[in-house]
Amino acid sequence: MTAPATASAAARTGNPPRGAARRRRKRGPSAWAVRAPLLPALVFVIAVTQLPFVATLVLSLFDWNAFHPGGRRFIGLDNYAAVLGDTAVREAVVTTTVLTASVVAAALVLGLALALLLNRRFPGRALVRTMLITPFLLVPVAAALLWKHLLLNPEYGLLNGALTWAARLVGDGTAPQPDWISAAPLIAVETALVWQWTPFMMLIVLAGLRSRPPDSVEAARMDGASEAQVFRYLTLPHLRPYLELGALLGSVHIVQNFDAVFTITSGSLGTANLPYTVYQIFYQAHEYGQASAAGVLVVLGSLVIAAVALRVVSSLLRGEASRG
């Protein structure tokens, strides 16, 4: 029987031709059948993340003070103008920039040094690596409380205790007992954040070191290159995308950091960053509209950094795929 006759007979009987059924089996299940199990997760993500953001965006267009709930009214973009013109918000932007840049730079340098150390073989390397990762696993509030009370407290902190011990060691029993948080509040917050985020940078750089092609390093050493030259001309260029990735991801998280500022200094002494300023506008001034506008601006700034981070991640993955 010819092919047209087979197709017509299949159409009369309601059964598809064998070739069509075989092709359908090769194509597998439909796209909806594959995506259907993901729909609950998608609905959950939209309900948890997108709907609150839309509500915040709508709320930012209203003049709404909790002390005067009956005076709520639509004012358009006036809240954004008020937020951008607020001196406290501008100071918070500067503080957030300084805090983020200093913490990311210090954590990257320390993370690079620790990754270079852990990339070498030595006894107890696994134990050292586990201990170095531990600060990143702590809850942010717990880490901030540890620095505020256990280390920096002027009465019973370990730092002042170490000064007293050193003074007794050299023969003089008296030692200065400074209040570190009051003397250098922003540095205290930065130190706590650097301590917690250095392991994150270390893991990213260590992954980059493990992906470094060993043949080029061995060839450079056989040609007489020193360790400093290998690091400058081979290791550092190879680690550049990993360092960029660590800087961008760290910036996304540190820009939004609230725990350390709230716990260590309560936003006083010039340490109030943007998240803490939004908290002050919302919970202390009860200006819901202005707080929502400030929150939207913070989210938009974080999205810009996240978009750049995603481009760096995609280029890094393409580079790894091309090498593979």
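The following exercises, each with a worked solution, concern a predicted model.

**Exercise 1. A network of salt bridges**

Determine which residues are linked with Arg221 in a network of salt bridges, and describe the accessibility of each.

*Solution.*

Step 1. The search of the whole structure returns 4 salt bridges. The criterion is a side-chain nitrogen of Lys or Arg within 4 Å of a carboxyl oxygen of Asp or Glu.

Step 2. Glu218 and Arg221 satisfy this criterion, with an N to O distance of 3.9 Å. Both residues belong to helix H12 (residues 214-222), where a spacing of 3 residues places them about one helical turn apart.

Step 3. Arg221 also forms a salt bridge with Glu227, here at 3.4 Å from N to O.

Step 4. Glu218, Arg221 and Glu227 are therefore linked in a network of salt bridges.

Step 5. Partly exposed residues are those between the limits of 20% and 50% relative accessible area. Glu218 is partly exposed at 44%, Arg221 is partly exposed at 37%, and Glu227 is partly exposed at 44%.

**Exercise 2. Helix H13 around Arg240**

Identify the salt-bridge partner of Arg240, and establish how the span of H13 compares with that of a straight helix.

*Solution.*

Step 1. The partner of Arg240 is Glu244, and the closest N and O atoms of the pair are 3.1 Å apart.

Step 2. The two residues, Arg240 and Glu244, lie in helix H13 (residues 227-255) with a separation of 4 residues, about one turn of the helix.

Step 3. With a relative accessibility of 55%, Arg240 is classed as exposed, whereas Glu244, at 32%, is partly exposed.

Step 4. For 29 residues at 1.5 Å a residue, a straight helix would span 42 Å, but the end C-alpha atoms of H13 are only 36 Å apart.

Step 5. The helix axis can next be examined for a bend. H13 has a kink of about 45° at Arg240, shortly before the proline Pro241. Arg240 is thus both the site of the kink and a salt-bridge partner of Glu244.

**Exercise 3. Positive phi in two loops**

State where Ser266 and His286 lie, and what their phi values are.

*Solution.*

Step 1. Ser266 is located in the loop between helix H14 (259-265) and helix H15 (274-284). Its phi is positive, about 55°, although Ser266 is not a glycine.

Step 2. His286 is located in the loop between H15 and helix H16 (288-323). This residue, likewise other than glycine, has a positive phi near 60°.

Step 3. Relative accessibility is 39% for Ser266, which counts as partly exposed. His286 also counts as partly exposed, at 21%; the limit for a buried residue is under 20%.

**Exercise 4. The cavity lining**

Find how many cavities of 30 Å³ or more the model contains, and characterise the lining of the largest cavity by class.

*Solution.*

Step 1. The count is 1 cavity of 30 Å³ or more. The largest cavity holds about 50 Å³ of space.

Step 2. Its lining consists of Pro140, Ala143, Ala144, Ala192, Leu193, Gln196, Asn257 and Ala260.

Step 3. Helix H8 (140-151) and helix H11 (185-210) each contribute at least two residues to this lining.

Step 4. Sorted by class, the lining comprises 6 nonpolar and 2 polar residues, with no charged residues. Gln196 and Asn257 are the polar members, because neither appears among the residue types counted as nonpolar or charged.

Definitions and conventions: Residues numbered from 1 in each chain as written. Predicted model: local features only at pLDDT ≥ 70, side-chain atom pairs only at ≥ 80, totals over all residues. Heavy atoms only, no water. Buried < 20%, exposed > 50% of the residue type's maximum accessible area, 1.4 Å probe, protein only. Expected span 1.5 Å × (residues − 1). Bend = angle between axes of the 7 residues up to and from the residue. 1 Å grid on protein atoms, 1.4 Å probe; cavity = no way out; pocket = protein on both sides within 12 Å on 5 of 7 lines; lining within 4 Å. Points joined across faces, edges and corners; volume = space filled by probe spheres on them.
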